[in-house]
Each structure stands twice: as structure tokens, then as C-alpha cells.
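Me: I've got a model open and I'd like to learn how to read it. Can you walk me through it, feature by feature?

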Amino acid sequence: MTSIEENRQIALQKLFGARNLPFPHGVTSVCSAHPLVIEAALRRAGMEQRAVLIEATCNQVNQEGGYTAMTPADFRRFIEDIAAATDFPAERIILGGDHLGPNPWRKLAAEEAMLHAAAMVTAYVEAGFEKIHLDTSMGCAGEPTALDDELTAARAARLAKVAEEAALRSGRRPPVYILGTEVPPPGGATHALDEIEITRADAAMTTLAVHRASFAEAGLASAMERVIGIVVQPGVEFGNTDVALYKPERAKSLIRSLDDMPGLVFEAHSTDYQPAEALSALVEGGFAILKVGPGLTFALREALYGLDAIADVLAGGTPRAGLVTTMEKIMVEQPANWTGHYGGSPDEERLQRHFSYSDRIRYYWPDPRASAAVGELFNRLPDEIPETLISQYLGRLYSDVVSKRVAPRARELCLAAIDAALAPYSAATAIR
């Protein structure tokens, strides 16, 4: 057994805990709060008899509600309600907190922002989140944009201490941790991608060393033993209009550094839109945790827009994009979740609002007007949608429909679109 395989097995054993399931080769981290995405992920995990890892981010879910208006306890209930409706065992759900740190409050002074971050970490652990990504690498008011390793590690140890205390106080299993100072921007880059700078092997080793020292100084040796991975940049990223694909040969030095990190794996962020062979190569190289989010809601949006066109054709007209029109109106009226991420001419911004790889439209599906528009769309469609129109407007799903693997109904087609985006992750991380 190679060092990478040994490290993978040790890390995943710590992540999966006492769950009586075979250990997979890697794990997909589903980062989404859309109910159809969660249902699709649970359906796939149920079919494969696997556990499922679902993560919420600091801006999405926190003690103040985040942009989903859910606290960590709310998010847990939200996930478990969907699991109950799909007959998925709640004990096979692993919840994670992503980018937990001062990021939502970084415009405040550092001490105030860290107090908010500590309250957030407490809320996550008390709600039973078992995987905690400590991300304290960003500067707060009056600080540099990116902090040095020592300060980052000291703040991470401070939050780990809060997490340990919360677990002990609430009788929860102590969490496992993910560290990392070279963290890709959540939700994708906002610039065109040229050559992504891969994390240097010595930088990864330094990250581990300074965190180990800070944890030891804080009396957290046992918590350090539960660190299972480090976030690094293997050369994968997506922007608004392009994707940087993984090239294993560029990451050889970084991968070799895992030999000197017993029991640890790498966590790869922004793996959305990577082809199947790239995902498999990432896992084989020790990037055992693959995070995906916008790519799943991107697939859902494709399905919804295709169904919108089909509904118009069935009504006797040419596609008029009623759902697109509604979403455009909502996004223009409420630009906070896309402005600053999209740029260019008005026409370029309009295209990005709907079709960007960053998929900022995902923030708007919970809007009551959007939910009503989707409900109206489903009501306009027949119980069985003609296969020829599925071929025309939802071509990726056509073969599954004609082979009877997917029913030609609107909701099932949406779930199938998401599942198609999940499938290469399942293949890359499957039990060997």
C-alpha cells in the first residue's frame, strides 16, 4: 500500500467515524442548499449504499442566518427533512462547515470579526456538524487582504478551541478538521483564468507545521490528531466563462509532499466542471475530498431553462423564455449577489447572470417569485413530456429517457440533470 493510499484510508476512517460502511476511495463534498440538489445527492448515495457529505459555507449558513436565512441547526433540519422524504438514513449523512472563520464579518475589526466567527463555529458544532474547515486566512478591517501563516494558524487554533469546547459541552463527537491558507475563492474566480499557480510543496508543509505549533501552544494536541486534510490549489478553477483543467504532471511535487504528512489528504475546492478523467486523477493523486457546488445548480438551471422552452413549444408558440424573464427581473432588482462578480458590457453582464460557470443565479432560486415561476412552469408541462422535445432541449438526458432510466417528467428530469453532474464524482471516489 502506498503512502497516499494509507493516508487516504486513515483520513476517511476519521471522517466516517463509526459508520458501518465500506470506505470509499474518496468523497464528494456537495456544497449546496438547493432542495433538488440535496435530493439528487441523497438519491445517488442511497443507490450506491454510501454515506453522503453535505457542506454549508459561512456566508450561506451561520448563526445570523446567512443568505439562506438558515442557522446551522436549521440547515441540519432542512437536510434531514429531505432525507426522511427520500427514505435516506440520517445516520449516513455527514455535515460539514466550509470556510468557517471571519469572512462574513471581515469588514469589521479583527477582534470583533473573530468573536462572530467563534459564535458561528459554536453553532455549527452544537448542531452536529462533524467536519470543520477552519479558514482564517483573510484580513479584516485595517489588515492585509491575505494574512501570514503564523497569524492565520493562531486564529485557526482559537476557533478549534471553541469547537472542542462546544463538542464537549453539547455531548457531540469532536469534529475532524480541514486546514489551509491557500484557499481558492468561494464560488469560483472573478477573472479570466490563465495559468493557475499550484500550491508549492514547501508551502503545504509550512501550513501544516505552523498549525501544529499553534494547536500545541493552545493545548489542542488531540484536536490536531483529528486534522484530516489541507486545502491546496492543485491547478483547478473556474471563472465566469472558462475552466482551468487539472494537469497531474504540474502537481507532482505537491503530491509527493503527502509522503511527509502521515494520515492527511488534500481537499480540492472548485472542482466543478472538471471532466471525469480529471476528477479520477485528482483522487488518485491524494486529493481525496472533491468539493462541488455551482456545477450542480448550473446543471439544474440548464434543465429548467430547457423545460421552459419545451412548455412554450407545447403551448403552440416559439420559446419565449418566461422563466428566464422572471429570473432576469429578480436579479436586476437585487444585484447584490452578482454585482462585483460579473463585468463587461450590459450584454456581457446579462449573459453572465444566466449562464456563468460561477452560477450566481443560484442565490435567487429561493426568492418567492422564482419559486412560483418554477411551480408555474411545472404546471404548464404534461405528465409525460415528448421524447423528441427532450432530445431538442435537454439532449444530455435523452438517452436515459428513451432507455427508461429516467421518467419524462419535469421534476425527474431536473433531478436527472443534477445526477448527471454528480456521476463522475461517484466514479472517481467509488469503493475500490
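Me: Let's start inside: how much space lies in the largest cavity?

Reply: First, bear in mind that this is a predicted model. A cavity is a space where a 1.4 Å probe fits but cannot get out. Here the largest cavity holds about 230 Å³ of space. A search of the whole structure turns up one cavity of 30 Å³ or more.

Me: Which residues should I click on to find the centre of the largest cavity?

Reply: Try Thr 28, Ala 45, Glu 48, Arg 50 and Ala 51, which sit closest to the centre among the 22 lining residues. For the elements, look at β1 (27–31), α2 (35–48), β2 (52–57) and α16, each of which gives two or more residues to the lining. Sorted by class, the lining of this cavity has 14 nonpolar, five polar and three charged residues.

Me: And pockets? What is the volume of the second largest pocket?

Reply: A pocket differs from a cavity in being an open set of points. The second largest pocket has about 430 Å³ of space. It is lined by 22 residues, and those closest to its centre are Ala 299, Glu 302, Arg 396, Ala 417 and Ala 421.

Me: Which element supplies the largest share of that pocket's lining?

Reply: That's α10, with six residues. Both α10 (294–314) and α16 (410–429) supply at least two residues each. As for chemistry, the lining of the second largest pocket counts 16 nonpolar, three polar and three charged residues.

Me: Let me zoom out. How many helices and strands does the chain have?

Reply: The chain has 16 helices and 10 strands. Its radius of gyration is 22 Å, close to the 22 Å that the globule rule gives for 432 residues, so the chain is as compact as a globular protein of that length. Along the principal axes, the C-alpha atoms fill a box of roughly 70 × 50 × 45 Å.

Me: What percentage of the residues count as buried?

Reply: Buried means under 20% relative accessible area. By that cut-off, 55% of the 432 residues are buried. On the outside, the chain exposes about 17,700 Å², with carbon and sulfur atoms supplying 53% of that area. Contacts tell you about the fold too: among those between residues at least 6 apart in sequence, 74% join residues at least 24 apart.

Me: Now a single residue. Is Lys 291 buried or exposed?

Reply: Compare its relative accessible area with the 20% limit. Lys 291 comes out at 3%, so it counts as buried. You'll find Lys 291 in strand β10 (residues 289–292).

Me: What is Lys 291 in contact with, beyond its neighbours in sequence?

Reply: Setting aside neighbours within four places, the contacts of Lys 291 include Glu 55, Asp 98, Lys 131, Glu 267, Asp 272 and Tyr 425. Take the Glu 267 pair: 24 residues apart in sequence, yet 7.6 Å apart in space, C-alpha to C-alpha.

Me: Where is Asp 359, then?

Reply: Asp 359 is in the loop between α12 (346–355) and α13 (368–380). Being in a loop doesn't tell you the exposure, so check the number: Asp 359 has a relative accessible area of 1% and is buried. Leaving aside neighbours within four places, Asp 359 is in contact with Tyr 273, Pro 294, Thr 297, Phe 298 and Tyr 342. The C-alpha atoms of Asp 359 and Pro 294 are separated by 5.7 Å, with their positions 65 residues apart along the chain.

Me: What about backbone angles? Which sign does phi usually have?

Reply: Most residues other than glycine have a negative phi. That makes the positive ones worth a look. Ala 69 is one of them here, with phi near 65°. Ala 69 lies in the loop between β2 and α3 (72–85), and at 63% relative accessibility it counts as exposed.

Me: And what is phi for Tyr 273?

Reply: About 75°, again positive in a residue that is not a glycine. Tyr 273 is in the loop between β9 (265–268) and α9 (276–284). At a relative accessible area of 23%, Tyr 273 is partly exposed.

Notes
Residues numbered from 1 in each chain as written. Predicted model: local features only at pLDDT ≥ 70, side-chain atom pairs only at ≥ 80, totals over all residues. Heavy atoms only, no water. 1 Å grid on protein atoms, 1.4 Å probe; cavity = no way out; pocket = protein on both sides within 12 Å on 5 of 7 lines; lining within 4 Å. Points joined across faces, edges and corners; volume = space filled by probe spheres on them. Helix = DSSP H or I, 4+ residues; strand = E, 2+ residues; numbered from the N terminus. Nonpolar A, V, L, I, M, F, W, Y, C, P; charged D, E, K, R; others polar. Rg over C-alpha atoms; globule rule 2.2 N^0.38 Å. Buried < 20%, exposed > 50% of the residue type's maximum accessible area, 1.4 Å probe, protein only. Contact = heavy atoms within 4.5 Å. Areas by Shrake-Rupley, 256 points an atom, 1.4 Å probe, with all protein chains shown as cover.
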